Structure formats: C-alpha cells, structure tokens
Amino acid sequence: MYTALLMKRDTLLRWSWANILTKKRYDALLKQYGDLDNAIDQLEESLLENLGCRSETVIKVLTRLDEFDPSWYENELKKRNLQVFSIEDNEYPSLLRSIDDPPVFLYARGDLSILSSPCIGLVGTREMSLYGKRVTETFVPPIVAAEMVTVSGLAFGIDAHVAKET
C-alpha cells in the first residue's frame, strides 16, 4: 500500500497541467517539501532548475501555469470522460506503481478495476507501419479472446490501433 498523503485536488490538477513530474522529480519534491501541496507553493524558476528542467522548459511551464484555469481543466476532463489520478491515489494501478519509473499522473477512461486482471502492455510508434498494423491485427484479437486486458497509451499509431482492435 502506498503511504503518502493524498494531495489536494487543485494541487493534482496544477502539477498534472505543468506536465513535468517524473517519479524522480516527484520523490525529490517529497523529500524536500514533504508533499506536493507544499511544493506547489514553491513552484518558481529556481525550483524547476533544481529539478533539472532546461531553461526552455522552465519558461514553458511557468507560462502554462500562469494561464492555468482549474475550472476549465475540470470541465475538459469531464467533457472527455477522463479521470486523472496521481501515484498517491488508491485507484492508481498497483502493477503500474511497481515499475521502475511509473508516471506520477495517469489519465484514464472507464473501469480501472479491470487492471487487476492479467494485463499486457501494447505500445509502439506513432507512425505506424504496415507491418505494425498487421502485427496488431494478428495479435490483439487472440489476446482479448484470452481475456487479457490490453493496456496502451491511447496515442496515435500502434497505441490507438490496439484500442480499436479491443
């Protein structure tokens, strides 16, 4: 079981919107500030630089956060029927949490309880080749028939094609 305190919803939204937290950066912030609620109040150029962000990333993140509107973001998530979780949430898939570099934030749609079933991760290039398409069309239907859950990033290319085949 994960032992961190759950961050406030506004904090979760702001950090996910900033889109810079790797697990390593997350751990560094926890070590320095105790939780992300305290760390968000310190979010400025020097903190981002200490986290290893390049100067262009620092500018991009600070600009993004200046433009952040939590109400709009919540509405967009609802419109798209998306849930957003942090690694601190109980709903965050335990198998994903156990990998070497899990995403700190996870956007999901649907019933996440199926992730306790046997899963297989299927990801690939965004520029899908004909070979990639054939492989996906060949392997995904039997995987689904075997009642394995396919997990992908739902991006373009292979990831999107996997979702269409399930």
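Is Ser16 buried or exposed? I took this as my opening entry, bearing in mind that the model is predicted.

**Entry 1: Ser16**

I located Ser16 in helix H1. Its relative accessible area is 6%, so I recorded Ser16 as buried; the cut-off for that word is under 20%. I then looked up the partners of Ser16. Not counting residues up to four places away in sequence, Ser16 touches Tyr73, Val84, Phe105 and Tyr107. With Tyr107 there is also a polar contact, side chain to side chain, at 3.3 Å.

**Entry 2: aromatic pairs**

Tyr73 led me to the rings. I noted four aromatic pairs in the structure. In one of them, Trp17 and Tyr73, the ring centres are 5.1 Å apart and the planes stand at 70°, so I entered the pair as edge-to-face. This pair joins distant parts of the chain, since Trp17 belongs to helix H1 and Tyr73 to helix H6, 56 residues apart. I found both Trp17 and Tyr73 to be buried.

Tyr73 also pairs with Phe68, again edge-to-face, with 5.8 Å from centre to centre and 75° between the planes. Phe68 and Tyr73 are both buried. Through ring pairs, Trp17, Phe68, Trp72 and Tyr73 are linked into a cluster.

**Entry 3: nonpolar cores**

Which residues touch the most other members of the largest nonpolar core? I listed Trp15, Ile20, Leu29 and Leu36, out of 33 residues in that core. The elements that contribute two or more residues are H1, helix H2 (23–33), helix H3 (36–40), H4, H5, helix H6 (70–79), strand S1 (83–86) and strand S2 (105–108). H1 gives the most, with five residues. As background, I noted that nonpolar side chains tend to be buried together in soluble globular proteins.

I followed Leu36 further. Leaving aside neighbours within four places in sequence, Leu36 is in contact with Met7, Thr11, Trp15, Leu21, Tyr26, Leu29 and Leu30. I also found a second, separate core of five residues, which includes Leu122, Val140, Ile143 and Val162.

**Entry 4: helix H5**

Helix H5 covers residues 55–66, and I compared its length with expectation. Its 12 residues reach 17 Å from first C-alpha to last, close to the 16 Å expected at 1.5 Å a residue. The buried residues of H5 are Val58, Val61 and Leu65. They cover an arc of only 70° around the axis, and therefore lie on the same side of H5. That buried set packs against helix H1 (9–18) and helix H4 (45–50). On the face turned away from the buried side I found the exposed residues Ser55, Ile59, Lys60 and Asp66.

**Entry 5: helix H8**

I made the same check on helix H8 (residues 130–145). Its 16 residues should span 22 Å at 1.5 Å a residue, and the end C-alpha atoms are 23 Å apart, which agrees. Gly132, Thr136, Val140 and Ile143 are buried in H8; among them, Val140 and Ile143 also appear in the second core. After H8 comes Glu147, for which I noted a positive phi, near 65°.

**Entry 6: Leu112**

Where is Leu112 found? I placed Leu112 in the loop between S2 and strand S3 (119–121). Its relative accessibility is 19%, so Leu112 counts as buried. Leaving aside neighbours within four places in sequence, Leu112 is in contact with Phe85 and Glu91. I also looked up its separation from Asp41: the two C-alpha atoms are 31 Å apart, with these positions 71 residues apart along the chain.

Note on methods:
Residues numbered from 1 in each chain as written. Predicted model: local features only at pLDDT ≥ 70, side-chain atom pairs only at ≥ 80, totals over all residues. Heavy atoms only, no water. Helix = DSSP H or I, 4+ residues; strand = E, 2+ residues; numbered from the N terminus. Expected span 1.5 Å × (residues − 1). Buried < 20%, exposed > 50% of the residue type's maximum accessible area, 1.4 Å probe, protein only. Arc of directions from axis to C-beta. Contact = heavy atoms within 4.5 Å. Core = buried A, V, L, I, M, F, W, Y, C linked by side-chain atoms within 4.5 Å. Polar contact = N/O pair within 3.5 Å; in protein donor to acceptor, adjacent residues only side chain to side chain. Phe/Tyr/Trp six-rings, centres within 6.5 Å; stacked < 30°, edge-to-face > 60°.
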